[in-house]
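Student: I would like to learn how to read the surroundings of a ligand and the empty spaces in a protein model. Could we go through one case together?

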Amino acid sequence: MNLDYRYTANWLKEHIQQVPPIAMILGTGLNNIAEKSEIKTKIPYAEIPGFVPTTAPEHKGNLIVGELNGYPIIYLQGRFHYYEGYSMPMVVFPTRVLASLGVKTLIVTNASGSLRENLSPASLVLITDHINFMGTNPLIGQNDENLGERFPSMNNPYDLQYIDLCEKIALQKDIPIHKGVYIAVSGPSLETRAECAAFASWGADLVGMSTVPEVIVARHSQIRVLGLSIVTNYSNLFHNQAHSQEEIRQNAEKASTNLLPILIEFIQNIHFS
Ligand code: HPA
């Protein structure tokens, strides 16, 4: 498998007229956000050197360059998860490619389970910090000094100015938004009640199976990160029945209706800053 991110970045430069400074990784239930843009270029992952198929539900598997309200963005419509059986280098390969392309801001989105009663399904949450409980780290292995340092700081991986800006926008628009800490597990089995209780006691508010590898790699390359999570279900702490994929899809859809106006204004505000 070809995991040469510079080769892929150069290949993409030949297919995209101008590389936007902002990229967005669209997680479960949020793939449709790309389609709210004026699509300029759409490349299926199958055509991109080094990319692999996405097997997660509702992850479409396209790289799209579009204009959201006139501002260009690269969308990754679907991501690679560790639980799909991909290696960590593969999981973060698209983020490495974005770094090689010179992207300055990464917006990462995901669906999560709630560890707090006040974060009810369909809530929108600004990720303020994370706990890496995946049992591995995407930077293990030889360090590429051209991308970043051996021991990158994880002090404020989620940009404080971006968090402030989104809170202000949400307030202005009267859209409820929360802040929370995200814990990443490998999955694919969901968390037991005892695990959820442990995570909550460690300070986690949300649990999911993605995002943290991409954020670590983005920060390694000094890319500024905004993390947004949509709560699709309460974790096992609050109920006794399994949640369905349909429930997850519906809650994601509700939350994404609130997310879009915030994103539009956020992008407009940061574009030239
Ligand atoms: N646990 C882990 N990942 C998730 C969940 C969950 O409850 N909901 C959406 N992604």
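Tutor: Let us begin with the ligand in this predicted model, where the shell around the ligand is made up of Ala 111, Ser 112, Gly 113, Leu 190, Glu 191, Val 207, Gly 208, Met 209, Thr 232 and Asn 233.

Student: Which strands each supply at least two residues of that shell, and how do the residues of the shell divide by character?

Tutor: The strands in question are β5 (105–114), β8 (206–208) and β9 (224–234), and the largest share, three residues, comes from β5. By character, the shell divides into four nonpolar residues, five polar ones and one charged one.

Student: Which residues have polar atoms at a short listed distance from a nitrogen atom of the ligand?

Tutor: A nitrogen atom of the ligand lies 2.7 Å from an N or O atom in the side chain of Asn 233, and a ligand nitrogen is likewise 3.5 Å from an N or O atom in the side chain of Thr 232. With Gly 113 the partner is a polar backbone atom, 3.4 Å from a nitrogen atom of the ligand. As for cover, the ligand taken alone exposes 260 Å², of which the protein buries 91%.

Student: How does one find empty space in a model, and where does the ligand sit?

Tutor: The general idea is that rolling a probe the size of a water molecule over the atoms shows where empty space is left. In this structure the ligand sits in the largest pocket, which has a volume of about 570 Å³. That pocket is lined by 31 residues, and those nearest its centre are Ala 111, Leu 190, Met 209, Gln 245 and Ile 248. Its lining draws at least two residues from each of β5, β8, β9 and α7 (245–270), with the largest share, four residues, coming from β5. The lining divides into 13 nonpolar, 16 polar and two charged residues.

Student: What is the volume of the second largest pocket, and which residues are closest to its centre?

Tutor: The second largest pocket holds about 280 Å³ of space, and of its 14 lining residues, Tyr 5, Pro 89, Arg 96, Pro 138 and Gln 142 are the closest to its centre. Its lining comprises eight nonpolar, four polar and two charged residues.

Student: How many cavities of 30 Å³ or more does the structure hold?

Tutor: There is one, and the largest cavity has a volume of about 40 Å³. Its lining consists of Ile 25, Leu 76, Gly 78, Arg 79, Phe 80, Val 91, Pro 94, Thr 95 and Glu 214, which divide into five nonpolar, two polar and two charged residues.

Conventions. Residues are numbered from 1 along each chain as its sequence is written. This is a predicted model: local features need pLDDT of at least 70, side-chain atom pairs count only at pLDDT 80 or more; totals for chains, interfaces and linings use all residues. Side-chain values use heavy atoms; hydrogens and water are left out. A residue is near a molecule or strand if one of its heavy atoms lies within 4 Å of it. A polar contact is a pair of N or O atoms within 3.5 Å; within protein, one must be able to donate a hydrogen and the other to accept it, and residues adjacent in sequence count only if both atoms are side-chain atoms. Accessible areas come from the Shrake-Rupley method with a 1.4 Å probe; for residues, only the protein chains shown count as cover. On a 1 Å grid over the protein atoms alone, a cavity is a set of points where a 1.4 Å probe fits but cannot get out, and a pocket is an open set with protein on both sides within 12 Å along at least five of seven lines; lining residues have an atom within 4 Å of a point. A molecule sits in a cavity or pocket if more than half of its atoms lie within 2 Å of its grid points. Ala, Val, Leu, Ile, Met, Phe, Trp, Tyr, Cys and Pro count as nonpolar, Asp, Glu, Lys and Arg as charged, and the others, Gly among them, as polar. Grid points are joined across faces, edges and corners, and a volume is the space filled by probe spheres set on the points.
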